[in-house]
Amino acid sequence: MSGYKDEEDIKRDAEKMVEVQDLWFSYNKEKWALKGINMELIRGEKTVLLGSNGSGKTTLLLHLNGILIPDKGRIKVSGNYLSYTKKALTEVRKRVGIVFQNPDDQIVAPIVFQDVALGPVNLRLSDGEVKNRVKRALNELNIEELSDRKAHELSEGEKKKVAIAGVLAMEPEILVLDEPTSGLDPQSSEDLITIIDSMYKQNDNMAVLVATHNVELAYEWADRVIVLSEGEIVKSGKPYEVLGDEKVIKSGRLAMPRVLRIYKGIEMAACENPGVPPRSVEELLKVMKGNLRQ
Ligand SMILES: Nc1ncnc2c1ncn2[C@@H]1O[C@H](COP(=O)(O)OP(=O)(O)OP(=O)(O)O)[C@@H](O)[C@H]1O
Ligand SMILES: [Mg+2]
């Protein structure tokens, strides 16, 4: 084997927006929260990070814009290794937008409009552009009516939407969301996914990472799924490769997505040429109808 990279490797290198290299981190020097994480976010890809409570998802995310500093290992964003000077951190935080798990950690201004405007103001955009960005973000999340409300008086779900709007208003290249749908009603969760998808359509220079417990969302929506357990990656790959693997489901303390569970049952009972498994209820119904006609 030659030491040269082939064309595929070169293309993949060019498309890496984030590279985490052998990342180790401990909060207290007694126990590792992350143990040798290697991970990439690729331009145009939606990556979902799954793992049980305490597996290290939030800890990993907080490294991506330099909020936490690795004990060992390095992180590359858009081709440059992270450095932790004030100037470098300001720059990286323009590129990497993180929506925190707890909206109270994100919301700082007293009034919703002011809070969502903070990011765009820090980007030194004109007043007009700041207003446009805030209005657009509030409108996308369907919360224009919250614009003049006091942030601390909002419901949990409303706060979550305001926190998300604040990050969307910065239009980051790398969008990182920690449990974005927790606390949101089903329609709002679906709307949020639609918003992220439409951001992708408008801008192909983006990568998204979502940490969640929602295996159904990961299976149906992600391009790539990563499962974390006790600070280590158990498996990473296409949704079916990862979530169709019983061992991964068990060690990640996950549940197999319902569509996949039903499909596996049908596949065993009826399907001679299984092919690619369906990813949504609609696709599953198509497979079932096809089999009934045979
Ligand atoms: N500020 C902190 N100080 C000390 N230990 C912490 C701190 N934050 C997290 N930990 C520990 O680090 C480990 C990873 O926690 P982390 O919050 O990254 O998990 P998580 O996968 O995001 O969990 P969840 O699904 O509950 O959000 C856990 O053992 C947790 O107790
Ligand atoms: Mg967490």
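Glu171 is partly exposed, because 19 other C-beta atoms lie within 10 Å, whereas a residue counts as buried at 20 or more. This residue belongs to a predicted model, in which Glu171 is placed in the loop between helix 6 and strand 7. The C-alpha atom of Glu171 is separated by 15 Å from that of Arg43, although the two residues are 128 residues apart along the chain. The points below cover the two sheets, helix 4 with its surroundings, and the shell around ligand 1.

**Six-stranded sheet**

- Six strands form an open sheet in the order 6-7-8-3-9-10, and their pairing is mixed.
- Strand 6 and strand 10 (232–237) are the edge strands; each has a single partner strand, so one side of each lacks a neighbour in the sheet.
- From one strand to the next, the twist averages 15°.
- At one of these edges, strand 6 pairs with strand 7 (residues 174–178) in the parallel sense, over four bridges.
- Within this pairing, Val96 of strand 6 stands opposite Ile174 of strand 7.
- In a regular strand, side chains alternate between the two faces of the sheet.
- Strand 6 (residues 96–99) has Val96 and Ile98 pointing one way, while Gly97 and Val99 point the other way.
- Val96, Gly97, Ile98 and Val99 are all buried.

**Four-stranded sheet**

- A further open sheet consists of four strands in the order 2-1-4-5, with antiparallel pairing.
- Its edges are strand 2 (34–42) and strand 5 (80–81), each with a single partner strand, so one side of each is left without a neighbour in the sheet.
- Strand 1 (residues 16–25) and strand 2 run antiparallel and are joined by seven bridges.
- The bridge partner of Val20 is Met39, in strand 2.

**Helix 4 and its surroundings**

- Helix 4 (residues 112–122) has the buried residues Val112, Phe113, Asp115, Val116, Ala117, Gly119 and Pro120.
- Helix 5 (127–140) and helix 6 (156–168) are among the elements that cover these buried residues.
- Helix 4 packs with helix 6 at an angle of about 35°, and the two axes are 7 Å apart.
- The crossing of these two helices is right-handed.
- On the side of helix 4, the contact is made by Val112, Asp115, Val116, Leu118 and Gly119.
- On the side of helix 6, the contributing residues are Val162, Ala165, Gly166 and Val167.
- The residues of this contact comprise six nonpolar, two polar and one charged.
- Just after helix 4, Arg124 adopts a positive phi of about 60°.

**Shell around ligand 1**

- The residues surrounding ligand 1 are Tyr27, Asn28, Ala33, Gly51, Asn53, Gly54, Ser55, Gly56, Lys57, Thr58, Thr59 and Gln101.
- Helix 2 (residues 57–61) gives the most to this shell, with three residues.
- By residue class, the shell divides into nine polar, two nonpolar and one charged.

Conventions
Residues are numbered from 1 along each chain as its sequence is written. Chains are lettered from A and ligands numbered from 1 in the order in which they are written. This is a predicted model: local features need pLDDT of at least 70, side-chain atom pairs count only at pLDDT 80 or more; totals for chains, interfaces and linings use all residues. A residue is buried if 20 or more other C-beta atoms lie within 10 Å of its own, exposed if 12 or fewer, and partly exposed in between; C-beta atoms are placed from the backbone. Two residues are in contact if their C-beta atoms, placed from the backbone, lie within 7 Å. Two strands pair if DSSP finds at least two bridges between them. A residue is near a molecule or strand if its C-beta atom, placed from the backbone, lies within 6 Å of it. Ala, Val, Leu, Ile, Met, Phe, Trp, Tyr, Cys and Pro count as nonpolar, Asp, Glu, Lys and Arg as charged, and the others, Gly among them, as polar. Axes are lines fitted to C-alpha atoms, for helices over the stretch in contact, and angles run from 0 to 180 degrees between N-to-C directions. A crossing is left-handed if the near helix is turned anticlockwise from the far one by less than a right angle, and right-handed if clockwise.
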